[in-house]
Amino acid sequence: MDSFHSLLKSCAAKHGHLCPGQVVGVRMAILGCRLIGMDQPKRLDQIKKLLVYVEMDRCTADAVAHVTGVKLGRRSLKFVDYGIMAATFMNLDTGDSYRVLSTEEARDLAQVYAPEFATTSERQITAYKRMPESVLFRVQKVRVKIDEFDLPGPTRRKVACSRCGQIIRDAREIIIQGNPVCKPCTDQSYFTHARDITWQDMGWSPCRKDKSFSTQSAHDPAGSSMNTK
């Protein structure tokens, strides 16, 4: 694995800025990989054995993903919305799993480890670089129950929603009165008031020789202008 400073530099460049969460995330990922015995997590033979669960949608999550190389599209990155600055690293080959949590005490101790900085951000960035792992993190050895439908690899099952016909992959359907139903057809969806629309340049594809675009605005099937709210 690259050095901490090299990983932090590339991580900040990809993320768009350097912040305390990036420092925590890079160190969290380095520690997590070390605990499960992976020194080159982006290498093909290791990335296939790695699963990472992140519990926050913050800068730290981007840093963990950058260092480890896990991705949603590979199904090696799992997001569980706990709102906790923590990530669990699992070696699928051995079954070893460790949950690494950022301590709240670290924030309070930033003044002790980097007293020369005036701003909170600069103080935390430097302090989180200097702190020993035992101050910055708590570590838990955990068991992670993996369902076969959560594993990396090709789609294992497809079913059609009994209400709208949409294909649902990997057992994400809900059974209602014995029938498979997709979540958007239930009250568990994150959106409401869905309606199909037409949109500007809907006939265009990147393979077309004609690259011109029209100025026609998007409309719903009934002809009313699209409401973005």
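For the composition of a pocket lining, Ala, Val, Leu, Ile, Met, Phe, Trp, Tyr, Cys and Pro are counted as nonpolar, Asp, Glu, Lys and Arg as charged, and the others, Gly among them, as polar. On this scheme, the lining of the second largest pocket divides into seven nonpolar, five polar and three charged residues. The structure described here is a predicted model.

The volume of this second largest pocket is about 290 Å³. It is lined by 15 residues, of which Gly21, Thr60, Met85, Arg107 and Tyr128 are the closest to its centre. Two or more lining residues are given by each of the elements H2, H4, H5 (residues 104–113) and H6.

The largest pocket, by comparison, has a volume of about 510 Å³. Of the 16 residues that line the largest pocket, Gln166, Ile168, Cys182, Lys183 and Pro184 are the closest to its centre. When the lining of the largest pocket is sorted by the scheme given above, eight residues are nonpolar, three are polar and five are charged.

Helix H1 comprises the 12 residues from 4 to 15, which at 1.5 Å a residue should span 16 Å, and the distance of 16 Å between its end C-alpha atoms agrees with this expectation. Within H1, the residues Phe4, Leu7, Leu8, Cys11 and Ala12 are buried. Because these residues cover an arc of only 130 degrees around the axis, they are placed on the same side of H1. The exposed residues His5, Lys9, Ala13 and Lys14 are carried on the face of H1 that is turned away from its buried side. The buried residues of H1 are covered by elements including helix H2 (20–35), helix H4 (59–68) and helix H6 (120–130). Just after H1, glycine 16 takes a positive phi of about 115 degrees.

One residue of H2 that can be followed in detail is isoleucine 30. When residues up to four places away in sequence are not counted, isoleucine 30 touches Met1, Phe4, Leu7 and Val67. Although isoleucine 30 and phenylalanine 4 are 26 residues apart along the chain, their C-alpha atoms are separated by 7.9 Å. Phe4 and Leu7, both touched by isoleucine 30, are also among the buried residues of H1.

Glutamine 46 lies in helix H3, which runs over residues 44–47. With a relative accessible area of 8%, glutamine 46 is buried, because a residue counts as buried when this value is under 20%. If its neighbours within four places in sequence are left aside, the residues in contact with glutamine 46 are Met38, Asp39, Gln40 and Pro41.

Two loop residues were also examined for their backbone angles. Arginine 75, which is not a glycine, nevertheless has a positive phi of about 65 degrees, and its place is in the loop between H4 and strand E2 (77–79). The relative accessible area of arginine 75 is 15%, and this residue is therefore buried. Glutamine 177 likewise is not a glycine and has a positive phi, here of about 50 degrees, and it is found in the loop between strand E8 (174–176) and strand E9 (179–181). Glutamine 177, however, has a relative accessible area of 78%, so this residue is exposed, the cut-off for that class being over 50%. Of these two loop residues, arginine 75 is thus buried, whereas glutamine 177 is exposed.

Note on methods:
Residues are numbered from 1 along each chain as its sequence is written. This is a predicted model: local features need pLDDT of at least 70, side-chain atom pairs count only at pLDDT 80 or more; totals for chains, interfaces and linings use all residues. Side-chain values use heavy atoms; hydrogens and water are left out. The expected span of a helix is 1.5 Å times one less than its number of residues. Buried means under 20% relative accessible area, exposed over 50%, partly exposed in between (1.4 Å probe, protein chains only). The arc is that of the directions from the helix axis to the C-beta atoms. Contact means heavy atoms within 4.5 Å. On a 1 Å grid over the protein atoms alone, a cavity is a set of points where a 1.4 Å probe fits but cannot get out, and a pocket is an open set with protein on both sides within 12 Å along at least five of seven lines; lining residues have an atom within 4 Å of a point. Grid points are joined across faces, edges and corners, and a volume is the space filled by probe spheres set on the points.
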